[in-house]
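User: Could you take a close look at one part of this model for me, the place where two helices pack against each other? I would like to see how the residues there fit in with their surroundings.

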Amino acid sequence: MSIYTTIDSPIGRIVLTGEETATGVALTAVKVGTPAPQGARRADAPFAEAVRQFAAYFAGERTAFDLDLRPAGTDFQHRVWAEVAAVPYGRTTTYGEVAARIGAPRDRIRAVGAAVGANPLLIVRPCHRVIGAGGALTGYAAGIERKRFLLTHEGALQPTLI
């Protein structure tokens with residue numbers, strides 16, 4: 001049975017979903033601004049380490065996550081997600097660069113974009129660090145404003161002056 005917990009964060013409510021394991025929880029999804037998954041049981045204790053790591057990330061004390069991750073996906077998606085996970089904190093990459101690193105031909109950039117967009121582990125697997133070739137902040141499942149916040153938080157974007 002799936003379990004979940006929620007975290008209040010600077011970008012809104014984050015919902016963590018996972019499966020209980022002998023040592024805690026294996027994350028299967030991290031969503032932002034969405035309702036709790038239907039059929040899942042709320043269980044806060046197994047997520048204690050994940051909650052601690054998210055708090056440290058938003059406090060600027062953590063640049064990567066060290067959690068048991070078990071998201072569902074195709075082999076192609078997992079290859080793309082592994083490249084996304086390799087993008088360093090405070091840096092960005094493009095969809096084309098991700099495609100090149102996994103050996104996908106140029107005509108597969110849209111497929112790479114679809115795989116990035118299907119990433120079920122927002123923030124943990126930092127798909128917000130993938131931008132358009134011209135530097136545009138293209139698509140993000142949690143919304144472009146949240147993507148902008150995360151990239152600014154990580155120092156990849158300069159804060160905007162109003």
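Analyst: Happy to! In this predicted model, helix 2 brings F76, Q77, V80, W81 and V84 to the contact, and helix 4 meets them with A111, V112, A115 and V116. By type, the residues of this contact divide into eight nonpolar, one polar and no charged.

Now for the geometry. Helix 2 spans residues 75-85 and helix 4 spans residues 109-117; their axes come within 9 Å and cross at roughly 75°. An angle from 65 to 115 degrees counts as roughly perpendicular, and helix 2 and helix 4 are therefore roughly perpendicular to each other.

Let's take each helix in turn, beginning with helix 2. Its buried residues are F76, Q77, V80, W81, E83 and V84. Looking down the axis of helix 2, you would find these buried residues within an arc of 160°, so they line one face of the helix. The cover over them includes helix 3, helix 4 and strand 6. Five of the names should look familiar from the contact: F76, Q77, V80, W81 and V84 in helix 2 are the residues that meet helix 4.

Helix 4 can be read the same way. V112, A115 and V116 are buried there. Viewed down the axis of helix 4, the buried residues fall within an arc of 100°, so they too line one face of their helix. On the other side of helix 4, R110 and G117 are exposed. Among the elements that cover the buried residues of helix 4 are helix 2, helix 3 (95-101) and strand 6. Helix 3 and strand 6 thus appear in the cover of helix 4 and also in that of helix 2.

If you follow the chain on from helix 4, there is a backbone detail to look at. I123 sits in the loop between helix 4 and strand 6 (130-131). The phi of I123 is near 70°, a positive value in a residue other than glycine. With a relative accessibility of 1%, I123 counts as buried, because the cut-off for buried is under 20%.

To pull the picture together: the two helices meet through a set of residues with eight nonpolar and one polar member and no charged one, and their axes cross at roughly 75°. V112, A115 and V116 are buried in helix 4 and belong to the contact with helix 2 as well.

Methods
Residues are numbered from 1 along each chain as its sequence is written. This is a predicted model: local features need pLDDT of at least 70, side-chain atom pairs count only at pLDDT 80 or more; totals for chains, interfaces and linings use all residues. Side-chain values use heavy atoms; hydrogens and water are left out. Axes are lines fitted to C-alpha atoms, for helices over the stretch in contact, and angles run from 0 to 180 degrees between N-to-C directions. Helices (H or I, at least four residues) and strands (E, at least two) are DSSP runs, numbered from the N terminus. Angles under 35 degrees count as roughly parallel, over 145 as roughly antiparallel, 65 to 115 as roughly perpendicular and the rest as oblique. Contact means heavy atoms within 4.5 Å. Ala, Val, Leu, Ile, Met, Phe, Trp, Tyr, Cys and Pro count as nonpolar, Asp, Glu, Lys and Arg as charged, and the others, Gly among them, as polar. Buried means under 20% relative accessible area, exposed over 50%, partly exposed in between (1.4 Å probe, protein chains only). The arc is that of the directions from the helix axis to the C-beta atoms.
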